[in-house]
Amino acid sequence: MSVGKSARGPIVEAPVGFFAAPVSHPAPGAAGKTGTWRDYRPVINEEKCVKCLLCWLYCPEDTILRREDDMVYVDYEYCKGCGICASVCPVNAIEMVPERGGLE
Amino acid sequence: MTVMTLTGNYAVAYAVKLARVQVISAYPITPQTTIVEKLSEMVDTGELKAKMVRVESEHAALATVFGAASAGARAFTATASHGLLYMHEVVWWAAASRIPLVMAVVARAIGPPWNIHVDHQDIFDQRDTGWIISVAQENQEVLDLTLQAFRISEDPRVYLPMMVGLDGFILSHTMAPVDVPDQEEVDDWLPPRRQPYYIAPETGVVMGNIVPDDDYYMLRYSMQKAMEQAKKVIEEVDREYGKRFGRSYGGLVECTLCDDADYYIVITGSWAGEAKEAARKLREEGYRVGVARIRFIRPWPGEMVRELAARAKGLVVFDRAISFGSKGPLFLDVAATAYGLTSMRGVIGGLGGSDVTADDIAGVVRDFVGEVEEKGSVYEPLYWLFPAKYRGKFEAKEVVA
Ligand code: SF4
Ligand code: SF4
């Protein structure tokens, strides 16, 4: 017999009384529009880009997006402006430009 | 049912086997080691079908079983003293995640200096983590509590992990006859594992992500609510277990010689045996003394302690640990519950395994009763029951607020 496990997993039974668990389901923008956190905006120079996709790979927020032809672009709704993409780009095709003109 | 001669540690191992635990991970530390040795042997011979995970530390051991439990496995670990302190961060993670889990803690003093003998400092160090914390008095109870721990922890009214405390060497390495229930009986009594959620690719659940402060507050409130509900569950499980296996312990508090008692010894762990002997001796001398053995330090059995205090002339609380700069941790809970209701003395004894006899306990109680009868009311939160060779050389009663 297999105690403690149903065919697909353990038995999930609803808790009794007031219950809260620190559980979440990953979803786009689960923490809100994180683009508003950004102080510097990555701007991609398509002339310089060699489509190596390093920025796409390294972006911690999955906000470097990839077109059919492998040209990359930024999802500014959620990009936090960390600058990792700019720092990994081997040809300096990404420039971090101050947002709101306030930080020069 | 079979009667076997088992050490406290083997009693834990047999209970873990009977609960059909699926994942075990632990790092060896005296006096816990033989629990895991026995379990590895059972896994090796195929007697227990579980995964035994070798790890580099206690921090990793608890993280491993916590991970397994989050994924849906019935999981178990055991530790003691410094091992428990090293786990401490994950102890918090496991409780606040609301994932059922069971851990045996073989109570042992904390260094420096090195000391492998019993006191309760390691267990009380975990007091505020959100684990259900029980402490056994003898080997049979160790087995019974370990089995019950799975039932309590996995109850949807609780969903909190549970520690089973047993005193180092006094129980862990001392043999005693233990009734070991049959596997079929346990299978029938212990329901399949339940938990509030589990983490797997198909559930897409993430645990522990950052939350807004107000929601964090409510998570803490929810843990306290579960602790309150656990009191009822513990009593129920104790009663049902008694019906099925013939042994009940009175739930959160085991009261001995309590019916007509004027004074109560409040104590937890194996030295409750000495306390009971002391109470019997004192009764022969005409003192009406009972013993309230605290079986669960969390959730705190406040209602029962308050009830006792309301009809008592006095309580003598024995602590095998101290909160430096304050008082004994058990005393703190008793005083917070019963302050103003009766006279109290908080005794610190048996640190680092230093010996406390039934006569020692009787002496302290006799002295306390004398003082209460003379003064009418006594509040002595810190009374040192020094080891015999230091007695009389220092001031036993300290004036502290
Ligand atoms: S700045 Fe950071 S978050 Fe924004 S696209 Fe670049 S790597 Fe991603
Ligand atoms: S790292 Fe630079 S070159 Fe490579 S894809 Fe990104 S922008 Fe283009």
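These exercises concern a predicted model with chains A and B and two ligands.

**Exercise 1. The scores**

Find the ipTM and pTM of the model, and the mean pLDDT of chain B.

Solution. The model has an ipTM of 0.83 and a pTM of 0.88. For chain B the mean pLDDT is 97. In that chain, 100% of the residues reach 70 or more.

**Exercise 2. The contact between the chains**

State how many residues of each chain take part in the contact, and which strands of chain A contribute to it.

Solution. Start with the counts: 22 residues of chain A touch 31 residues of chain B. On the chain A side, β1 (11-12) and β2 (23-24) each supply at least two residues. By class, that side consists of 15 nonpolar, five polar and two charged residues. Next, look at strand pairing: β1(A) runs parallel to β9 (residues 194-195) of chain B, joined by two bridges. Within this pairing, V12(A) has Q195(B) as its bridge partner.

**Exercise 3. The two ligands**

Describe the residues around ligand 1 and around ligand 2.

Solution. Take ligand 1: 13 residues surround it, and the closest are C59(A), C79(A), C82(A), I84(A) and C85(A). Its shell divides into eight nonpolar, three polar and two charged residues. Now take ligand 2: of its 14 surrounding residues, C49(A), C52(A), C55(A), C89(A) and A93(A) come nearest. The shell of ligand 2 has 13 nonpolar residues, one charged and no polar ones.

**Exercise 4. Helix α12 of chain B**

Compare the span of α12(B) with the expected one, then say what its buried residues pack against.

Solution. The helix covers residues 358-375, which is 18 residues. From first C-alpha to last it reaches 26 Å, close to the 26 Å expected at 1.5 Å a residue. Its buried residues include I361(B), V365(B), F368(B) and V372(B). The buried residues pack against α9 (272-284) and several strands of chain B, among them β12 (263-267) and β13 (289-294). After the helix comes G376(B), with a positive phi near 90°.

**Exercise 5. Two positive phi values**

Decide whether D70(A) and R20(B), both with positive phi, are buried or exposed.

Solution. D70(A) has phi near 70° and lies in the loop between β4 (64-66) and β5 (72-74) of chain A. D70(A) counts as exposed because it has 12 C-beta neighbours inside 10 Å, and the limit for exposed is 12 or fewer. R20(B) has phi of about 50° and sits between α1 (8-18) and β2 (23-26) of chain B. With 22 other C-beta atoms within 10 Å, R20(B) is buried, as the limit for buried is 20 or more.

Note on methods
Residues numbered from 1 in each chain as written. Chains lettered and ligands numbered in written order. Predicted model: local features only at pLDDT ≥ 70, side-chain atom pairs only at ≥ 80, totals over all residues. Near = placed C-beta within 6 Å. Nonpolar A, V, L, I, M, F, W, Y, C, P; charged D, E, K, R; others polar. Contact = placed C-beta atoms within 7 Å. Helix = DSSP H or I, 4+ residues; strand = E, 2+ residues; numbered from the N terminus. Pairing = 2+ DSSP bridges. pLDDT = per-residue confidence, 0-100. Expected span 1.5 Å × (residues − 1).
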